[in-house]
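Welcome, and thanks for taking a look at this one with us. Please have the sequence and the structure open side by side as you read.

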Amino acid sequence: MLGFVTIQDQTPGAGDRLLTAAAERLAAAGMRLAGAVQINTETSPGCDCDMDLRILGDDGLPVRITQSLGLGSQGCRLDTGALAQAVARTESVLARGADLMIVNKFGKQECFGRGFRETIARALAAGIPVLVHVPDEQLPGFHAFAGDLAQPVCADRIDDWCRARLADTAA
């Protein structure tokens, strides 16, 4: 089962904070998690934040997925090599076994067939439920990928959805 959350709070990082808090609660309750949650760190007022992915189920350091391009640059700050490293570490966790996979975002990279897209598909094929945040602008690409496998999850019902998926796989 593939659950997705879209949120109306347009505050930068709101989806990241939502999934990070959910992952912390679920891990504390004993759920074996795989995936990645994003941690944003403000560098200075008015500047873009640094973005790190914390790999769930992995004790290693977070992976910085942004790169500094210098003042006035207009290019994409995403470090695709670092994203690939985060994906590889997530794959290692999945290979050891997980109850649930959480992915911080189904973003542009996933819409283009990169990023966590194949990892999400592998987890689903292995019967591991996946929860992902999907920004409004990526919904068409997400639905093209997920088809009718995707189930919307209300932000205030994330824990219930995840526990229900755990019960479904145990049955």
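What follows is a short tour of confidence, helix packing, one loop residue and the salt bridges.

## Confidence in the model

Please keep in mind that this is a predicted model. The average pLDDT over the chain is 89, and 88% of the residues score at least 70. Among the elements of the chain, strand S5 (residues 100-103) has the highest mean pLDDT, at 98, while helix H6 (residues 158-170) has the lowest, at 87.

## Two helices side by side

Let us start with helix H2 (residues 80-96) and helix H4 (residues 117-125), whose axes lie 10 Å apart and make an angle of about 10°. Because angles under 35 degrees count as roughly parallel, H2 is roughly parallel to H4. From H2, the residues Val87, Thr90, Glu91 and Leu94 meet Thr119, Arg122 and Ala123 of H4. This contact of H2 with H4 is made up of three nonpolar, two polar and two charged residues.

Thr90, in helix H2, deserves a closer look. Is Thr90 buried or exposed? With a relative accessibility of 0%, Thr90 counts as buried. Beyond its neighbours within four places in sequence, Thr90 is in contact with Gly35, Ile55, Met101, Phe116 and Thr119.

## A glycine in a loop

Between H4 and strand S6 (130-133) runs a loop that holds Gly127. Gly127 counts as partly exposed, at 41% relative accessibility. Its C-alpha is 9.1 Å from that of Asp99, although Gly127 and Asp99 are 28 residues apart in sequence.

## Salt bridges

Side chains of opposite charge can pair when their charged atoms come close. In this model the count comes to nine salt bridges. One of them joins Arg25 to Asp159, with 2.7 Å between the closest N and O atoms. Arg25 sits in helix H1 (residues 14-28) and Asp159 in helix H6, so this pair ties together parts that are 134 residues apart in sequence. Arg25 is partly exposed, with a relative accessible area of 42%, whereas Asp159 is buried, at 14%.

Asp159 also meets Arg163 in a salt bridge, at 4.0 Å from N to O. Arg163 and Asp159 are separated by about one helical turn, because they are four residues apart in helix H6. Arg163 counts as partly exposed, at 40% relative accessibility. Together, Arg25, Asp159 and Arg163 are linked in a network of salt bridges.

Elsewhere, Asp50 forms a salt bridge with Arg64, and their closest N and O atoms are 3.5 Å apart. Asp50 belongs to strand S3 (residues 50-56) and Arg64 to strand S4 (residues 63-64), with their positions 14 residues apart in sequence. Arg64 is partly exposed, with a relative accessible area of 40%.

Definitions and conventions: Residues numbered from 1 in each chain as written. Predicted model: local features only at pLDDT ≥ 70, side-chain atom pairs only at ≥ 80, totals over all residues. Heavy atoms only, no water. Axes fitted to C-alpha atoms, helices over the stretch in contact; angles between N-to-C directions. Parallel < 35°, antiparallel > 145°, perpendicular 65-115°, else oblique. Contact = heavy atoms within 4.5 Å. Nonpolar A, V, L, I, M, F, W, Y, C, P; charged D, E, K, R; others polar. pLDDT = per-residue confidence, 0-100. Buried < 20%, exposed > 50% of the residue type's maximum accessible area, 1.4 Å probe, protein only. Salt bridge = Lys/Arg side-chain N within 4 Å of Asp/Glu carboxyl O.
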